[in-house]
Amino acid sequence: MEAWCCCGSEMAVPTSFSTLKTWDSSLGFARSTDFVRVCDLKRTESARKRVSFIRNSNPGQDIAELQSASPGSPLLVPRQKYCESLNKTIRRKTSTVMVGNVAIGSEHPIRIQTMTTTDTKDVAGTVEQVMRIADKGADLVRITVQGKREADACFEIKNTLVQQNYNIPLVADIHFAPAVALRVAECFDKIRVNPGNFADRRAQFEQLEYTEEDYQKELEHIEKVFTPLVEKCKKYGRAMRIGTNHGSLSDRIMSYYGDSPRGMVESAFEFARICRKLDFHNFVFSMKASNPVIMVQAYRLLVSEMYVKGWDYPLHLGVTEAGEGEDGRMKSAIGIGTLLQDGLGDTIRVSLTEPPEEEIDPCRRLANLGMRASQLQKGVVPFEEKHRHYFDFQRRSGQLPVQKEGEEVDYRGVLHRDGSVLMSVSLDQLKTPELLYKSLAAKLIIGMPFKDLATVDSILLRELPPIDDADARLALKRLIDISMGVITPLSEQLTKPLPNAMVLVNLKELSTGAYKLLPQGTRLVVSVRGDEPYEELEILKGVDATMLLHELPYTEDKISRVHAARRLFEYLSDNSLNFPVIHHIQFPNGTHRDDLVIGAGSDAGALLVDGLGDGLLLEAPDKDFDFLRNTSFNLLQGCRMRNTKTEYVSCPSCGRTLFDLQEISAEIREKTSHLPGVSIAIMGCIVNGPGEMADADFGYVGGAPGKIDLYVGKTVVKRGIEMEHATNALIDLIKEHGRWVDPPAEE
């Protein structure tokens, strides 16, 4: 073992860094052939200064430069890039991995795939489902293979499909079963191994102490167990996915790295090193998590380390246990879409608690989004990026409105500290005030609106009602009185002034001084594109804006909304401008609902997962108002910002599932969806370990056929509950822990 001690402002560095004269306290150095272990970064406080010791096993020849992920963060990350370009979408160059007759890599289309939900021993049922999936256009299909009987069935499945002229590559999903993997590698095209449980025992979530010798012994055990599979894949020309799951890291990995993106990456690299040692390179990586923020960080860390090592293996992207309906599509769009915008990802799966063939359409829409962005190389002019945190979440919180002397109304509620939802309202909606209040999710008490947990924070009114329309103006006054912001364009406010409205202006209207025609003290909302010359943005330094709306027209083909916004945030940070920024996206008429969810998740979500942004304003003239509002709140919750409803971690089902996941999931949601702040995991089995529920407060997990186990966090508290009683037992458990409230009475 090697130990480097870093004290004060200078350190002894390897000769390869002979030109480096001083030591920056935020940097460390590590051999590029291995990771710095976070827990090996021993920090001790002395009377004078902090001392950092970095230990590293397996020393190599090259040196990788490290820095803190953010000021004060214990996470060391490579200074090296995590994508091809920070100012436009350029697809990361990868090798090509052959899965049967399907090529995966940067020289090929982004491949789409799903997973069967049938019992693998049911050969006819599995074959039928695979054919339906293939007919929908999937490039690959994965099948769970948990034991010898399932492995034997795989030969029949493959042969039957070939007889039916279906040559879609088949992927075996393996957990805990090296012998099964060896068997099925003789007939399937690709083997997915989970590094967390292929050779290690199931994690017990124990804080174990490992000596370097213990750790090395376990690595040798992994190599012994894994090598036969690698050699068989080489012999038969099979592919492999080294697929880490956030929830199923081994105790050994967690003891060193914690339940973290760093642990996920190192877990995969242990297996990749064995593959490389045996000269096997036909594999891809994945870093899945049910939390899109964790998932994005893990893939970025993986890629940044691959850049250091000179590795170019393709990526399989996915958010695991995403759920169903718009929720599941949104979580997947946030995680997968964010990475696709940075040119990362070669094959994707959208995990939904729905029939597997239903995953193909949203999967294809996401793949198309990624392919289009990289083909057009959408972006902005190059800019220096110094403030965004790639590897850990730190939110840039804009300065919320404060009350000013002399103001007649309370503006402090026009934005919400955890993320704001703004909506565009029409004059027609003002004709029925009570319906409008309900559609804004306000509580009604004797016909008067009041803000609730998930009430829209502010509205945009592109056209004001006539001065003499007393009813419409009274409706707006009642919204303003409950601290809901009403935003209207400058031209409207000048011709039909509405008392206490906030006025929307663009940079041109600021530069011409047209806004000075407004009464002094009028609240301003400024619309910006983000790709303007810096000289045009300079005017923001002299403006007291309540918020900025970042808006880039959808007609812009070559400009990337994500990169333009990152450029804007960089400018604001450089100039210490702390305006709240709302992501304003106007979707054209005829946009498919899934495209809207995926577009919002990819465009706004890619920024919010980096802590950039304070809310959303989604517009789509032909879409239902409630749908747009719910999509906005779902997006904020998916980015771990504003919690307005129960959070579900729901697996997509597979051949291991021990109950009808879709039916049970719907039943649980129906009875528990009114518990904001509570997170419930609904899992068909526990193969990925209770850690897959790392984000959940309570877990409902198939333990045996017809029997359910209940968890609190990662701990099982009740076992073997009969299924017909399990949902009520879950509710009782939530009540026991003081997290239950009765559902609101129907109005």
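**Exercise 1. Place Lys158 and find its side-chain partner.**

Lys158 is buried, at a relative accessible area of 16%. Buried means under 20% relative accessible area, exposed means over 50%, and partly exposed lies in between (1.4 Å probe, protein chains only). The model is predicted: local features need pLDDT of at least 70, side-chain atom pairs count only at pLDDT 80 or more, and totals for chains, interfaces and linings use all residues. Residues are numbered from 1 along each chain as its sequence is written, and side-chain values use heavy atoms, with hydrogens and water left out.

Step 1. Locate the residue. Lys158 sits in helix H2, residues 148-163. Helices (H or I, at least four residues) and strands (E, at least two) are DSSP runs, numbered from the N terminus.

Step 2. Find the partner. The side chain of Lys158 makes a polar contact of 3.0 Å with that of Asp189. A polar contact is a pair of N or O atoms within 3.5 Å; within protein, one must be able to donate a hydrogen and the other to accept it, and residues adjacent in sequence count only if both atoms are side-chain atoms.

**Exercise 2. Describe the salt bridge between Arg252 and Glu270.**

Step 1. Apply the cut-off. A salt bridge is a side-chain nitrogen of Lys or Arg within 4 Å of a carboxyl oxygen of Asp or Glu. In Arg252 and Glu270, the closest N and O atoms are 2.8 Å apart.

Step 2. Place both ends. Arg252 is in helix H5 (residues 251-257) and Glu270 in helix H6 (residues 261-277), so the pair ties together parts 18 residues apart in sequence.

Step 3. Check burial. Arg252 counts as buried at 1% relative accessibility. Glu270 counts as buried at 5%.

**Exercise 3. Trace the salt bridge of Asp614 and Arg396 along the chain.**

Step 1. Read the distance. The closest N and O atoms of Asp614 and Arg396 are 3.6 Å apart.

Step 2. Place both ends. Asp614 lies in the loop between helix H18 (605-608) and strand S26 (615-619), and Arg396 in the loop between helix H9 (360-376) and strand S17 (420-424), so the pair ties together parts 218 residues apart in sequence.

Step 3. Check burial. Asp614 is buried at 4% relative accessibility, and Arg396 is buried at 12%.

**Exercise 4. Work out the surroundings of strand S28.**

Step 1. Count the buried residues. In S28 (residues 679-683), five of its five residues are buried.

Step 2. Split the faces. Ser679, Ala681 and Met683 are on one side. Ile680 and Ile682 are on the other. Both faces are covered.

Step 3. Find the neighbours. Two strands pair if DSSP finds at least two bridges between them. Strand S27 (residues 647-650) pairs with S28 in the parallel sense over four bridges, and Glu647 stands opposite Ser679. S28 also pairs with strand S29 (residues 698-704), in the parallel sense over four bridges. There, Val701 is the bridge partner of Met683.

Step 4. Move into S29. Phe698 belongs to this strand and is buried, with a relative accessible area of 2%. Its C-alpha atom is 7.5 Å from that of Ile734, 36 residues apart along the chain.

**Exercise 5. State the number of disulfides and the burial of Cys83 and Cys363.**

Step 1. Count. A disulfide is a pair of cysteine sulfur atoms within 2.5 Å. The structure has zero.

Step 2. Check burial. Cys83 is buried, with a relative accessible area of 1%. Cys363 is buried too, at 0%.
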